[in-house]
Amino acid sequence: MASESQQSQLSMDLPIIDLDIYLNNPPTSPLVQAECSRAASSLITYGALLLHDSRVSEADNETFLDLLEDYFAQPEEDLKRDERPELSYQIGVTLENTEKPKCAVDEPCLDIIQRLDPSQRPLDISAHSPDPKARFFWRMVELPPYETQFPGLNAENITPDAAHIKERWAPTMNLWGSSMKNAVSKLSEMAALGLGLEADYFSNAGRYGPHLLAPTASDLNKYASLDTILAGFHTDLNFLTIHGRSRYPGLNIWARNTGSRIPVKIPQGNYLLVQAGKQIEYITGGLIKAGYHEVVVNERTIETIERRKIEFPDRPLVRISSTLFWHLNSDFDLAPVPKLAERAEKVREEQAKLGRDEGEPAKYPPTKVGYQVQE
Ligand SMILES: [Fe+2]
């Protein structure tokens with residue numbers, strides 16, 4: 001465990017990284033260099049950061065949240081029309097209580113929970129069956145100009161049929177999805193520079209990735225009692241995950257270097273949350289670790305539900321999380337960059353000196369991203 005003093009040295013507030021600095025100045029400027037190294041350190045220390053991007057419009061996020069609330073408020077028979085079990089639910093809707101948090105069945109993950117201070121542990125997932133959340137998968141993919149070893153899904157995105165949703169679906173999904181996709185792709189350039197790589201090292205490796213706009217929905221009429229797990233403790237398998245602001249608090253993340261649970265607060269305005277996934281952990285040899293997170297009903301979630309019932313009595317009570325999973329290209333050769341793997345080793349040693357047990361070092365044998373995802 002991290003010592004008391006070490007925990008108090010690290011702020012519980014996630015660093016805010018300003019993409020505007022990167023976009024508006026030459027890459028060689030000291031200002032840009034400093035901001036890029038802050039981006040890299042935030043990912044190393046917290047596995048996450050808040051991103052400010054003036055190009056992103058809060059109004060687009062609101063329009064997106066309204067649309068998704070309307071969509072998931074439909075009767076189940078209507079939602080079922082957008083299910084594609086024959087495509088393993090890789091596109092369209094997945095209804096609630098289908099997805100299981102992989103941590104509930106995964107040994108090293110339970111090990112991580114054991115090493116956390118009891119006061120900082122996630123809600124107990126051992127007795128938790130599938131997550132009570134529904135999801136929609138909307139692919140945001142640029143087809144590769146080369147022959148791929150992983151052709152994956154060629155199915156068209158699904159547009160819901162309901163008259164009040166149909167027309168606004170694709171434009172809204174694409175507008176908000178592109179805003180988040182552009183933001184996270186540009187942030188990957190800042191992270192690459194901050195790690196001492198070429199700016200486009202990650203953005204090229206992810207240009208043709210199978211990116212997914214994957215909003216989730218939790219029905220707060222049914223699941224609103226304190227300590228309900230909406231999404232159990234887990235990490236994401238893609239490269240970076242980006243979120244817009246949700247209307248309801250409840251997302252907790254764990255910072256690698258503190259072992260503390262951090263309730264996420266995204267400021268109002270042009271802010272997004274970015275979290276590290278397994279692919280960035282792999283390529284950095286564990287220098288950056290995939291960030292653990294959970295979504296639960298806490299006291300602040302309940303206060304927000306009560307407030308919204310009064311302020312917006314006609315709106316559906318659904319917690320939407322606007323999530324985009326940004327992936328590396330399936331054909332990309334995934335292996336740790338040697339100089340980053342060396343730094344990862346040093347960080348482990350420093351952590352060990354501080355008395356922080358990180359468990360057995362993970363192995364990152366060379367593979368293709370497509371195989372890593374299949375596993
Ligand atoms: Fe996740």
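The questions and answers below concern a predicted model.

Visitor: How are helix H4 and helix H7 oriented to each other: parallel, antiparallel, perpendicular or oblique?
Guide: Helix H4 covers residues 58-72 and helix H7 covers residues 163-194, and their axes lie 9 Å apart. The two pack at an angle of about 135°. Angles over 145 degrees would count as roughly antiparallel, and 65 to 115 as roughly perpendicular. The angle of H4 to H7 is in neither range, so the pair is oblique.

Visitor: Is the crossing of H4 and H7 left-handed or right-handed, and which class of residue has seven members in the contact?
Guide: H4 passes H7 in a left-handed crossing. From H4 the contact takes in residues including Phe64, Leu67 and Tyr71, and from H7 residues including Ile165, Trp169 and Trp176. By class, five residues in the contact of H4 with H7 are polar, three are charged and seven are nonpolar.

Visitor: Which strands are at the edges of the open sheet of four strands?
Guide: The order in this sheet is E7-E12-E9-E10, with antiparallel pairing. An edge strand here pairs on one side only. That applies to E10 and to strand E7 (229-234).

Visitor: What is the average twist from one strand to the next in that sheet?
Guide: The sheet is open and its four strands pair in the antiparallel sense. From one strand to the next, the twist averages 25°.

Visitor: Which residues of E12 and E10 stand opposite isoleucine 253?
Guide: Strand E9 (residues 251-254) pairs antiparallel with strand E12 (residues 293-296) over three bridges. E9 is also joined by three bridges to strand E10 (residues 261-263), again antiparallel. On the E12 side, the bridge partner of isoleucine 253 is histidine 293. On the E10 side, isoleucine 253 faces isoleucine 262.

Visitor: Which residue in E10 stands opposite asparagine 252?
Guide: E9 and E10 run antiparallel and share three bridges. In E10, the residue opposite asparagine 252 is proline 263.

Visitor: Is glutamate 358 buried, exposed or partly exposed?
Guide: Glutamate 358 sits in the loop between helix H11 (338-353) and strand E16 (367-368). A buried residue needs 20 or more other C-beta atoms within 10 Å, and an exposed one has 12 or fewer. Glutamate 358 has 17, so this residue is partly exposed.

Visitor: Which residues does glutamate 358 contact, leaving aside neighbours within four places in sequence?
Guide: Tyrosine 146 is 212 residues away from glutamate 358 in sequence and 40 Å away in space, C-alpha to C-alpha. With neighbours within four places set aside, the contacts of glutamate 358 are Arg348 and Gln351.

Definitions and conventions
Residues are numbered from 1 along each chain as its sequence is written. This is a predicted model: local features need pLDDT of at least 70, side-chain atom pairs count only at pLDDT 80 or more; totals for chains, interfaces and linings use all residues. Axes are lines fitted to C-alpha atoms, for helices over the stretch in contact, and angles run from 0 to 180 degrees between N-to-C directions. Angles under 35 degrees count as roughly parallel, over 145 as roughly antiparallel, 65 to 115 as roughly perpendicular and the rest as oblique. A crossing is left-handed if the near helix is turned anticlockwise from the far one by less than a right angle, and right-handed if clockwise. Two residues are in contact if their C-beta atoms, placed from the backbone, lie within 7 Å. Ala, Val, Leu, Ile, Met, Phe, Trp, Tyr, Cys and Pro count as nonpolar, Asp, Glu, Lys and Arg as charged, and the others, Gly among them, as polar. Two strands pair if DSSP finds at least two bridges between them.
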